[in-house]
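Good morning, everyone. Please look at the chain on the screen while I take you through a few of its strands and residues.

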Amino acid sequence: MKHLPKNLIAGLSGLIIALLPNTILAEDEAASSTGQESAGAAGDAAAKTAIGGVSAGTIAAVVAIAAAAAAISDSGSGGGAIVPDPDPDPDPDPDPDPDPGPTDPVIEVYETVVVVDVPGTPSSTQPGATATRTTGATATRTTGATATRTTGATATRTTGATATRTTGATATRTTGATATRTTSATTTSSQGGAAGATIGTSAAGDLYNVVEEFDVVETFDVIETFDVVETFDVVEEYDVVEEYDVVEEYTKTVTIPAVAASTSTATATATREVQ
């Protein structure tokens, strides 16, 4: 029976210690909620004025209960019993850290090396530019110009001038002068002494040759007037023809050499979040 009050006190003390943290936590949550609704800093300060965030009233109640339990223990045992040291009050749970707001991630820039496979390509050909070249053959074409040349033949033409020439024939003509001549005829008249001496006599008298007067006639080469004719080389006008090398246009063929497959590396910069 003597130990009953001690057991009772120990049980009450344990119950108080067990309920004390929940009470403290409830008070802190109530104080925090009240402070947020009033939007004042004074409520938060009053709810956390004690050490570790525990209110001063709660600590005073715990101390009073512990003193009462010690007094009861001393009176029941006559003051001679040794009272064991009460279990130390557990430290109240610390207030949970307030939820920190989102923080900006730390970004770092680093270099990365990438290995790139370079595929090979086979040799191939493809058409290239166009060019011209001579074929080795020749051809002729007119240049658009004209020229003259002798044909090797000759011809005649009048020059527009005239000239005279002997024809090789002869003719007679009177000169406009007169002369006398004795004829074979006879006459008895001396013709004023022009008949000359007598050539005989006749019953009628002396005979003389008849002397006649005549126009002087001359023989001359026949001369004709003619148009001057010249002989010339026949000249023709012709189109100038040239001989040229035949030129053709062709397409060049470009040969692309084969490329073996290989690898290469490329350095690039990237960003990442620092853990």
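**Strands and contacts in a predicted model**

Let me begin with strand 1, residues 107–118, which is hardly covered: of its 12 residues, the number that are buried is zero. Please keep in mind that what you see is a predicted model.

Which strand is joined to strand 1, and by how many bridges? The partner is strand 5, residues 262–273; the two strands run antiparallel and are joined by 12 bridges. As an example of this pairing, valine 114 has alanine 266 in strand 5 as its bridge partner.

I turn next to alanine 129, which lies in strand 2, residues 124–187. Setting aside residues up to four places away in sequence, alanine 129 touches Tyr250, Thr251 and Lys252. Its C-alpha atom is 8.8 Å from that of valine 254, although 125 residues separate the two along the chain.

My last residue is glutamate 224, in strand 4, residues 205–256. Is glutamate 224 buried, partly exposed or exposed? Its relative accessible area is 31%, and because this value falls between the cut-offs of 20% and 50%, glutamate 224 counts as partly exposed.

What does glutamate 224 contact, beyond its neighbours within four places in sequence? The residues are Ala163, Thr164, Arg165 and Thr167. With arginine 165, the side chain of glutamate 224 also forms a polar contact of 2.8 Å. Finally, the C-alpha atoms of glutamate 224 and threonine 166 are 6.3 Å apart, while the two residues stand 58 residues apart along the chain.

Thank you for your attention.

Technical notes:
Residues are numbered from 1 along each chain as its sequence is written. This is a predicted model: local features need pLDDT of at least 70, side-chain atom pairs count only at pLDDT 80 or more; totals for chains, interfaces and linings use all residues. Side-chain values use heavy atoms; hydrogens and water are left out. Helices (H or I, at least four residues) and strands (E, at least two) are DSSP runs, numbered from the N terminus. Buried means under 20% relative accessible area, exposed over 50%, partly exposed in between (1.4 Å probe, protein chains only). Contact means heavy atoms within 4.5 Å. A polar contact is a pair of N or O atoms within 3.5 Å; within protein, one must be able to donate a hydrogen and the other to accept it, and residues adjacent in sequence count only if both atoms are side-chain atoms. Two strands pair if DSSP finds at least two bridges between them.
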